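Q: Please take a close look at one loop residue with an unusual backbone angle, and then work outwards to the places around it and to the partner chain. A connected account would serve me better than a list.

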Amino acid sequence: MAKTPAAVIGVGQTHHRARRDDVSMAGLCREAMDRALEDAGLTLDEVDAIVVGKAPDLFEGVMMPELFLAEALGAAGKPLLRVHTAGSVGGSTAIVASSLVQAGVHQTVLTVAYEKQSESNAMWALSVPVPFNMPVHAGAGGYFAPHVRSYIRRSGAPTHIGAVVAAKDRTNALKNPYAHLHNEGTTVESVLASQMLWDPIRYDETCPSSDGACALVIAAEDVAARSADPAWIHGTVMRSEATTAAERDQVNPQASRDAAAYLWKQAGITSPIDEIDAAEIYVPFSWFEPMWLESLGFAAEGEGWKLTEAGETAMDGRIPVNCSGGVLSSNPIGASGMLRFGEAALQVRGRAGEHQVDGARRALGHAYGGGSQFFAMWVVGSEKPTG
Amino acid sequence: MSRTLSAPVTVAFDYTRSTGPVIGRFLTGLRDGVVVGARTSDGRVVVPPPEFDPVTHRATGGDGGDPYVEVGPEGTVTSWVWVPEPVKAQPLDRPFAWALVTLDGADVPLLHALDVASPDEASTGMRVRVRWAAERVGAITDIACFEPVEAGSGGLATGAGAPSATTVDGPVTGVVTPVSLDYVYAASPEESAFYRAIAEGRIVGQRCPHCGKVYVPPRSACPADGTPTTDEVELSETGTVTTFCIVNVPFLGQRITPPYVSAYVLLDGADIAFLHLILDCPAEDVHMGMRVKAVWKPREEWGTTIENISHFAPTGEPDADYETYRNHL
C-alpha cells in the first residue's frame, strides 16, 4: 500500500543560547511548539499526537523527561512517544512523526526535540569512566578527532579545509536570527588561529553547547492542502550500525552510504549535487562537511574537500550546505537534527529569510549520532511527490 | 571465583535546573514562607502552579493577568502511605508518611512528607500544617514536612507559625539538583577473561568463529555476525598507531592531565584497534603508522584492568606500511 503523502506545514525554533535561564525545559519546548503551531495556523487541540526527542538523559539528569513534560506539551489524552538515537535523535524523531502520518495512523502530528545543555555538562556526561577500561575518552571531540585525522590522511585534503567550513557556517549564522553564535568577522585565518582542542580539531571548528528546541507540524495531504507553502516529504531513511567492529569504516560508515542510496532512490534523485538545491547536514566538527559530502554522494570518495575549498558549499555555490549556520553555530544536541530537517523544510517553502537559497525546490535534512552509528535523513520538496 | 568481573561506578552531578517563571514563583513563595498556587481556566486552584493550563494550554500568567493564589499553610490529608525505612535524601531520617495534602484554598493535593511517629497517628481527613525549614532557600525542601495541627496547638514551638524573614531578595530562577547514582558495572565473560589475562601480564584476544576476525578485548557478540568470540589468541605487546588525537582540553571528571595522546593501537595479530595513551615521546612526534609497544606498570600495582599497561611507547622500528593499517582508518 502506498504511503499517504505528508508535508511539513509548520516549523518553529527557539533562540538558541548558551543558557536559557529564563525558561524551564517545558517552557523551552513550548516556545518552539507554539511557533510551529502558529506557522501552521493550528492549535494544540487540532494535533492528533506528540512525538518528542532528546539526547541521552544524563545530559539533564532527568530520567524519561517525557513523563513530567506530558501535560505541558499538550499530550494529555493523546499518544505521546519518545525517540532515542543519541545526536541523530532530532532527525529520527521527525521521521517517526512523519511515519505516523504517512502510514495513515494520524492526520496531524506535532514533533518537538530539545536540549538544555546548561543544566549539565555534556563533555562530562560523555566521558564517565568505565571500570577496567583506559580513561582516555574526552567527550565527542575526543571521539571524532582521530577519525577526522583518518579522513585527512585518506583524502589528502589540505589541513585548512576544516577552517573553510567553520568560517562559512559562522558567517551564514549571521543571517539566522535564531542561531546561538553570531561571531562577526570569522575568517579562515581566525579559525586557524584558535586553540587546538582535540588535535586536529580547533576551538572554532567545534560546535557550541546550546539550550534550544525545534518543533515541526507534519500533516497528511488533506490538511496540508490548506497550507500555502507545504514542504512535501519526498523520502525518509534511518540506518544504524555497530559502534565498533573490525575494520569498521568510521570515516564513511556503511550505514551512512546505505541510507543515502536508499534516500536518493525514494526521492527519484540520480545526481544529488545537481538535484538538491540546499543541504542541511549534521556537521558538529567542521571536517564532517567534506566527510558527509562524500558519504552522501555529493562528491566522489576523497573529493568532498574540493567542493568545500572551491566555495561550492557556500550559499551561492553548487550545493549550499548549512545556510542556517548549522550545528557549528547552534547545538542544542537533541534538537540539532530536527533543526536540520526543519531548515530544509524552510528552504523549500521559501521561508528561510535572509539565509534563503533562491528558488530552492528540493532540500536535504541530515543527522547522525552515537559513534557515527545512527543516521537519519529526509528530502523535502516544494512539489508534491509523484508516484 | 565469579565467571565475570564487576566493579562499582558512581555517576554524580549537581544539575542546575532553570525553573521558568511559574515554578520560580512557587519556589519564591516557599522561600518567603507562603505556599502559592494558580487558578486554572476551569476554576480550580492547583499547587504547585502548572506551567501551562491543562485545558487551554496557555502559559500560566502569560496573558498578563495574575493567576497566583496564596493558599493556607494548613490543609487536609486526602491519602497517605507509611514509609517504615527511610532512605538517604528523603525529608525525614525516621519512619514517616508520604501524604497527599489539600491545602486550604486549593483544589488539588500536594505530595509531601508527614511527620508522625507511627501509622496509627496518620489518617485520611486529618488536619495538618506546614513545618517550615529553619533555613529557606527557594526549594521544595523549604517545607521541611507537614505535621498534625494538634501538635503545635497552644504555641509556636514547631516553627509552624509566622515564618521569619529571609535575607535573599528577588525571584527564584533556578535550583541545584544533585544526582548521585551507584551502579555495579559487570564485564562480559569474554571481557573478564581478557582482564584476568591482563592481570597475569598477557594480552589475550579472541577469534570470531564465523568471520575469523581477532577481537581485543574479546566480545560476547561479534558485531559482524552476533556470535561470541571464542578461540583465544595471545597477542603481541607491539602494534601500530592507526590514528589518534591530542587532547588539550581539560574537563570535569578527567582522569589524565592534558595534553595527552589518545591513540588507536592495532596490536600485531589483532583485527581491531583499541584506545590507549602514547607517552615517552613528545606529543607532536606521534604519527600514523608509528610502531609502539606496551609499557607495563610495576607488577605490584597490577589488577584486572587495562591500566596495568601504563601506556604505549615508540619501539623505534620503521613505520608500518600504510597498506597494513589503511583498512583500520
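**A buried loop residue and its setting**

A: N322(A) is buried, because 28 other C-beta atoms lie within 10 Å of its own (buried means 20 or more such atoms within 10 Å, exposed 12 or fewer, and partly exposed in between, with C-beta atoms placed from the backbone). The model is predicted, and local features need pLDDT of at least 70, side-chain atom pairs count only at pLDDT 80 or more, and totals for chains, interfaces and linings use all residues. Residues are numbered from 1 along each chain as its sequence is written, while chains are lettered from A and ligands numbered from 1 in the order in which they are written.

N322(A) is found in the loop between helix 12 (304–309) and helix 13 (333–349) of chain A, where helices (H or I, at least four residues) and strands (E, at least two) are DSSP runs numbered from the N terminus. Its phi is near 60°, a positive value in a residue other than glycine. Most residues other than glycine have a negative phi, and most peptide bonds are trans. A89(B) also has a positive phi, of about 75°, although it is not a glycine, and its place is in the loop between strand 5 (74–83) and strand 6 (96–103) of chain B. With 9 C-beta neighbours inside 10 Å, however, A89(B) counts as exposed.

The surroundings of N322(A) can be read against the whole chain. Chain A has 13 helices and eleven strands, and buried residues make up 65% of its 387 residues. Along the principal axes, the C-alpha trace of chain A spans about 50 × 45 × 45 Å. In helix 5 (residues 139–155) of chain A, 15 of the 17 residues are buried, leaving the helix mostly covered. After helix 5 of chain A comes G156(A), with a positive phi near 70°. V223(A), which lies in helix 8 (residues 221–224) of chain A, is likewise buried, with 21 other C-beta atoms within 10 Å. If residues up to four places away in sequence are not counted, V223(A) touches Q107(A) and T108(A), contact meaning that C-beta atoms, placed from the backbone, lie within 7 Å.

Unusual backbone geometry also appears in a cis peptide bond that joins D199(A) and P200(A), with omega about 15°. P200(A) has its place in the loop between strand 5 and strand 6 (201–202) of chain A, and D199(A) stands opposite I246(B) in strand 14 of chain B. Strand 5 (residues 196–199) of chain A and strand 14 of chain B run antiparallel and are joined by two bridges; strands pair if DSSP finds at least two bridges between them.

This leads to the contact between the chains, in which 55 residues of chain B meet 50 residues of chain A. On the chain B side, strand 1 of chain B gives the most, with eight residues. A second cis peptide bond to consider joins V47(B) and P48(B), with omega about -10°, and P48(B) belongs to the loop between strand 3 (45–46) and strand 4 (68–71) of chain B. Strand 15 (residues 260–267) and strand 16 of chain B pair in the antiparallel sense over five bridges, and the bridge partner of Y264(B) in strand 16 of chain B is L275(B). Strand 16 (residues 274–278) of chain B is mostly covered, as four of its five residues are buried. In the hairpin of these two strands, with six residues between them, G269(B) takes a positive phi near 100°.

Note on methods
Contact = placed C-beta atoms within 7 Å. Expected span 1.5 Å × (residues − 1).
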